[in-house]
Amino acid sequence: MFSDQVIANIDNALRTLTGQQIGSDRPYPARDVPDALLRPWERQRAGRMMRVNHAGEIMAQALYTGQATGTNDPALREQLQQARVEEEDHLRWCEARLRELNSRPSLLAPLWYSAGWSMGFLAARRGRASNLGLVVAVENQVEEHLNSHLDELPADDERSRAIVAQMRDDEVGHAEKAEALGAEKLPMPVRMAMGVFSKVLTRGALWI
Ligand SMILES: [Fe+2]
Ligand SMILES: [Fe+2]
């Protein structure tokens, strides 16, 4: 029903932007990893990197919500919602790590959310294959980005690394599922625009 959709969208936006994640009951990946004594500048750098990842997960909430809203296919909507719940775990874990590192979420969160939602909704309106194509394109991009963070995080920051590694594995799973369901490759200009936007997000959230 239309009004249910509106409420679900408002609910997701508000919960995402105010840090009220629910997600599933998967445990915090860093729970058993000892917290190394990081030097102040390492802690600051790790905090900035986790802020970028947190901003990416805000965008993931927005994308999947926009995509689930824009599709007419109830089975696909269900799939997208399932992935979105896993992404909510990612958001929760990033936020917990941000707190441990005395860092903060990006001040541009509403911008990341609106951009993600619009992108997701538009892809969904183009049809099922394009909707799934967006999942594959985004998740591949995120996988590559998280792999770079596994290399670049401060050497002793195994807690952040445990979170990033689990997220990366989940993103690979999301892409594979979408691929199997019949994703199409997005047109080159769209992929290029996504590349530019991901640079804006990874640079912007590093500082703001
Ligand atoms: Fe994620
Ligand atoms: Fe994902």
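**Exercise 1. Determine which residues H174 touches beyond its sequence neighbours, and whether H174 is buried or exposed.**

Leaving aside residues up to four places away in sequence, H174 touches Y64, A83, E86, E87, V135 and E139. This holds for a predicted model, as does everything that follows. The next step is to place the residue, and H174 is found in helix α6, which comprises residues 158-180. The last step concerns accessibility: the relative value for H174 is 9%, and because buried means under 20% relative accessible area, H174 counts as buried.

**Exercise 2. Identify the protein donors of the iron ion (ligand 2) and describe how they are spaced along the chain.**

Begin with the atoms around the metal: E87 contributes an OE donor, E139 is listed with OE twice, E171 gives OE and H174 gives ND1, and these donors lie 1.8 to 2.5 Å from the iron ion (ligand 2). Read along the chain, the donors follow the spacing E-x51-E-x31-E-x2-H. Distant parts of the chain are thereby linked, since E87 belongs to helix α3 (residues 74-100) and H174 to helix α6, with their positions 87 residues apart.

A comparison with the record can be added. In the unreviewed UniProt entry, the annotation "binding site" covers E87, E139, E171 and H174. These residues span 88 residues in sequence, but no two of their C-alpha atoms are more than 11.1 Å apart, so they gather at one spot. Of these residues, E139 is included in the lining of the largest cavity.

**Exercise 3. Identify the protein donors of the iron ion (ligand 1), and state which residue bridges this ion and the iron ion (ligand 2).**

The donors of the iron ion (ligand 1) are E57, listed with OE twice, together with E87 (OE), H90 (ND1) and E171 (OE), at 2.0 to 2.4 Å from the ion. Their spacing along the chain is E-x29-E-x2-H-x80-E. Helix α3 holds H90 and helix α6 holds E171, so this pair ties together parts that are 81 residues apart in sequence. For the second part of the task, the bridging residue is E87, and the two iron ions that it bridges lie 4.1 Å apart. The relative accessible area of E87 is 1%, and E87 is therefore buried.

**Exercise 4. Describe the surroundings of E171, from its helix to its side-chain contacts.**

E171 is located in helix α6, and its relative accessible area of 1% makes it buried. Not counting residues up to four places away in sequence, E171 touches E57, E87, H90, E139, V142 and L146. A polar contact of 3.2 Å joins the side chain of E171 to that of H90, and both of these residues are buried.

**Exercise 5. Decide whether N102 is buried or exposed, and find how far apart N102 and G47 are in sequence and in space.**

N102 occupies the loop between α3 and α4 (109-125). Its relative accessible area is 69%, and because exposed means over 50%, N102 is classed as exposed. As for the pair, N102 and G47 are separated by 55 residues in sequence, while the distance in space from C-alpha to C-alpha is 7.3 Å.

Definitions and conventions
Residues numbered from 1 in each chain as written. Chains lettered and ligands numbered in written order. Predicted model: local features only at pLDDT ≥ 70, side-chain atom pairs only at ≥ 80, totals over all residues. Heavy atoms only, no water. UniProt positions renumbered as here; feature names shortened; annotations may be inferred. 1 Å grid on protein atoms, 1.4 Å probe; cavity = no way out; pocket = protein on both sides within 12 Å on 5 of 7 lines; lining within 4 Å. Helix = DSSP H or I, 4+ residues; strand = E, 2+ residues; numbered from the N terminus. Buried < 20%, exposed > 50% of the residue type's maximum accessible area, 1.4 Å probe, protein only. Contact = heavy atoms within 4.5 Å. Polar contact = N/O pair within 3.5 Å; in protein donor to acceptor, adjacent residues only side chain to side chain. Donors = N, O, S within 2.8 Å, 3.2 Å for Na, K, Ca; no water.
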